[in-house]
Amino acid sequence: MSKLPIRESSLPSADHVRALLSWIQDESSGAVFPFFASMAGTALSPGEAASVRVQDVTLPDGEFGEVLVRAGEGRRVPVSPDIVGVLRRWIDEADLEAEDLLFPAERGGQLASSEYKRAWRRARQAVLSPDEVQAGLGEQVSSLRDSCLDRWLEAGVPSRGVAEWAGVSASWIALRYPHRFRLEDVEIDWGHLEEILRLPDIPEQ
């Protein structure tokens, strides 16, 4: 996993992600759309998402759910109500059982990277402008994960919380997304800072 700072300009915006997912929903079949939608909302890596089983997700209707990622030390990641709805409909549509892969290939087994990468390339060409494609916006499927992590930070989720959900360290988050930790973007309460740094009354000698 790269620790290099990611360029803010290379991250798909929320509008980009919605447009790409909308195209994929209309133009792809099988598990491809719910697979991408889950990545966009949970920041799972492609490999993690492909390994999730139905029994690993908790999907209460109209509420935040949860996905258990079993890779590494294991972690639990929140699932927004929108994504919960997508996954509930997909499970019903595909008639999946608890022990089944959540995103199986059409002929069974794990969804192949060649299949979802091909769908992603087609979506980028169809949705993004030529300049955006040329600039590398959302070039990799994993940019869905990067975009989700960035939006969590933008929404004010503490970096330690984002790190825990992503299965990385807080220092990795700071190195990867430096644009979310700029001092000029922080509102400092100077009066409160002065108060907490005030020295005790020291008698004159």
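# Close-up views of a predicted model

**View 1. D56 in the loop before strand 1.** With a relative accessibility of 4%, D56 counts as buried, where buried means under 20% relative accessible area, exposed means over 50% and partly exposed lies in between (1.4 Å probe, protein chains only). The model is a predicted one, in which local features need pLDDT of at least 70 and side-chain atom pairs count only at pLDDT 80 or more, while totals for chains, interfaces and linings use all residues. Residues are numbered from 1 along each chain as its sequence is written, and side-chain values use heavy atoms, with hydrogens and water left out. D56 sits in the loop that joins helix 3 (46-51) to strand 1; helices (H or I, at least four residues) and strands (E, at least two) are DSSP runs, numbered from the N terminus. If neighbours within four places in sequence are set aside, D56 is in contact with S51, E66, V67, L68 and R70, contact meaning heavy atoms within 4.5 Å. D56 and L101 are 45 residues apart in sequence, and their C-alpha atoms are 9.4 Å apart in space.

**View 2. The sheet and its three strands.** The three strands form an open sheet in the order 1-2-3, with antiparallel pairing, and two strands are said to pair if DSSP finds at least two bridges between them. Strand 1 (57-58) and strand 3 (75-79) are the edge strands, each pairing on one side only. In general, strands of a sheet pair through backbone hydrogen bonds, either parallel or antiparallel. Which residue of strand 2 stands opposite V57? The partner of V57 is V67, and strand 1 is joined to strand 2 (residues 65-69) by two bridges in the antiparallel sense. Strand 2 also pairs with strand 3, again in the antiparallel sense, over five bridges, and here E66 stands opposite P78 in strand 3. Four of the five residues of strand 2 are buried, so strand 2 is largely enclosed by the rest of the structure.

**View 3. The two hairpin turns, with G62 and G72.** Strand 1 and strand 2 form a hairpin with six residues between them, and G62 in this turn has a positive phi of about 75°. Strand 2 and strand 3 form a hairpin with five residues between them, where G72 in the turn has a positive phi of about 65°.

**View 4. Helix 2 crossing helix 5.** Two packed helices are described by the angle between their axes and the distance between the axes. The axes of helix 2 (residues 32-42) and helix 5 (residues 113-127) come within 11 Å and cross at roughly 80°; axes are lines fitted to C-alpha atoms, for helices over the stretch in contact, and angles run from 0 to 180 degrees between N-to-C directions. Helix 2 and helix 5 are therefore roughly perpendicular to each other, on a scale where angles under 35 degrees count as roughly parallel, over 145 as roughly antiparallel, 65 to 115 as roughly perpendicular and the rest as oblique. On the side of helix 2, V32, F35 and F36 meet E115, Y116, A119 and W120 of helix 5. By class, this contact of helix 2 with helix 5 has six nonpolar residues, no polar residues and one charged residue; Ala, Val, Leu, Ile, Met, Phe, Trp, Tyr, Cys and Pro count as nonpolar, Asp, Glu, Lys and Arg as charged, and the others, Gly among them, as polar.

**View 5. A43 and D95 in their loops.** Most residues other than glycine have a negative phi. A43, a residue other than glycine, nevertheless has a positive phi, near 60°, and lies in the loop between helix 2 and helix 3. D95 is not a glycine either, yet its phi is positive, at about 55°; D95 belongs to the loop between helix 4 (81-94) and helix 5. Is each residue buried or exposed? A43 is buried, with a relative accessible area of 0%, whereas D95, at 59% relative accessibility, counts as exposed.

**View 6. L96 and its contacts.** L96 lies in the loop between helix 4 and helix 5 and is buried, with a relative accessible area of 15%. Apart from its neighbours within four places in sequence, L96 is in contact with V54, W90, I91, L101, L102 and P104. The C-alpha atoms of L96 and I196, which are 100 residues apart along the chain, are separated by 57 Å.
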